[in-house]
Every structure is written in structure tokens, then in C-alpha cells.
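Trainee: I would like a close look at a single part of this protein. Please take me through the salt bridges.

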Amino acid sequence: LRNRILTLAVEPGSDLDEAELCARYGISRTPLREVLQRLSGEGYVAMTANRGAKVTSMNLGAMRTFFRTAPLIYCSIMRLAAENRTGQRLAVLKEVQSAFKAAVADSRAPDMALQNHRFHELIGEMAADPYLKASLDRLLIDHTRMSQTFYRPQSAPEADAVGKAVQQHDAMIAALEAHEAEVAVDLTLRHWDLSRDR
């Protein structure tokens, strides 16, 4: 259900039909409600008393806040990740980058978005800051949903931007590996500019 929300298979703001979800996932209402409560806590779903669950909206007010907040969180996370990263997490990040590159090579937009989500989620884990990680996780939900447009380029310059995103991921990995916090932050801002402009 998370992946369906992130890839816009379930649209922002849409009602979640409990009976349909129970049938789709082969579970009863009690465990489904536990899932929905968990997804609500993570920011994927909004729960309203006596009205059920809806996919979290992406209205104009939410997007204004997103675009104001995202660069601050991403840069803070990247700086801490460069300082705190471990070899084990870096190895996993490289594996995710390989999967991201494969999705780009095959023009699989939903997979590109999900692998990019995982890439930045791992950097958040490297930062080892529970306060910033919670903010990052919430930002990534909307960023991944918006990136469905970015990963479906309609022109040569848009396709070039996707290729540039791949290169920037590689450069971020190198900066993290070298503990180069300033380089990593600069790359983060340039990476943010790619999708922000789109």
C-alpha cells in the first residue's frame, strides 16, 4: 500500500475503501485498521473519526510548506550522514544506486521513484538523528509522489535531468565515503534544484 501511494496508483486525497483493501490483501478489518493507523502515523494516510481513511493530500498549502522545508532538512541530513556514515550502510546505498541506475536504463518510472526514495531514506538512516529522520520520512512521501513527473521525461532536456540525477547520486556516494560534508551538502542543493524546477 505504501508503494501504491508513492507511485500514485492510489491518488492523493482519495478515500481508502476498507472492504476493497481487505479483499486485495487477504486480511480482515482488524489488521487492516492497524495498518492504516501505522500509515497514518508515518504520514501516508489521514484518519478521520467516523469517516475512515484517506490518502494524504497534496494540496497547495502542503506543497508550499514542502518546498520551503525540504532543502533545510535534506542539507542537514546530508551533513550528518557525511559525518556519521558507516561502511555497511554505504555498501547498501551503493546497491540501491545500482537498482536506481537499472530502473533509469529501462525507463521504469515507478521503480526509479521508489529506488530514489530508498536512496535518500538510507542517507537519513546514516545521519543517525531521529528528529531529522522523522521529518525526512514525511518529506520523502510527497517528494516521491511528485517525482512521478520527473521520472517520465517528455523532452531531451528532461531526460538529461534524469541522467544528471544519476550522476549526482554517484557523486553523493563519493562525498559520503570521503566524509566531505560541504561537498555533500552542495550536491544535495544541486540535486534538489533538478526536481524542484521540474
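Mentor: Here is a walk through the salt bridges, one pair at a time.

This is a predicted model: local features need pLDDT of at least 70, side-chain atom pairs count only at pLDDT 80 or more, and totals for chains, interfaces and linings use all residues. Residues are numbered from 1 along each chain as its sequence is written, and side-chain values use heavy atoms, with hydrogens and water left out.

Start with the idea. Side chains of opposite charge can pair when their charged atoms come close. Here a salt bridge is a side-chain nitrogen of Lys or Arg within 4 Å of a carboxyl oxygen of Asp or Glu. By this rule the count comes to 18 salt bridges.

Take Glu125 and Arg89. They form a salt bridge, and their closest N and O atoms are 2.9 Å apart. Glu125 lies in helix 6 and Arg89 in helix 5 (residues 87-105), so the pair ties together parts that are 36 residues apart in sequence. Helices (H or I, at least four residues) are DSSP runs, numbered from the N terminus. Helix 6 covers 109-127.

How covered are the two partners? Glu125 is partly exposed, with a relative accessible area of 25%. Arg89 is partly exposed too, at 36%. Partly exposed lies between buried, under 20% relative accessible area, and exposed, over 50% (1.4 Å probe, protein chains only).

Glu125 has another partner. Arg118 forms a salt bridge with Glu125, the closest N and O atoms being 3.2 Å apart. Arg118 is partly exposed at 28% relative accessibility. Now join the pairs up. Arg89, Arg118, Glu121 and Glu125 form one network through salt bridges that share partners.

Next, look at Asp170 and Lys101. Their side chains meet in a salt bridge at 3.1 Å, N to O. Asp170 lies in helix 8 (residues 156-177) and Lys101 in helix 5, so this pair ties together parts that are 69 residues apart in sequence. Asp170 counts as partly exposed at 32% relative accessibility. Lys101 also counts as partly exposed, at 36%.

Go back to the network for a moment. Glu121, one of its members, is also among the residues that line the largest pocket. A pocket is an open set of points on a 1 Å grid over the protein atoms alone, where a 1.4 Å probe fits, with protein on both sides within 12 Å along at least five of seven lines; lining residues have an atom within 4 Å of a point.

Definitions and conventions:
Helix = DSSP H or I, 4+ residues; strand = E, 2+ residues; numbered from the N terminus.
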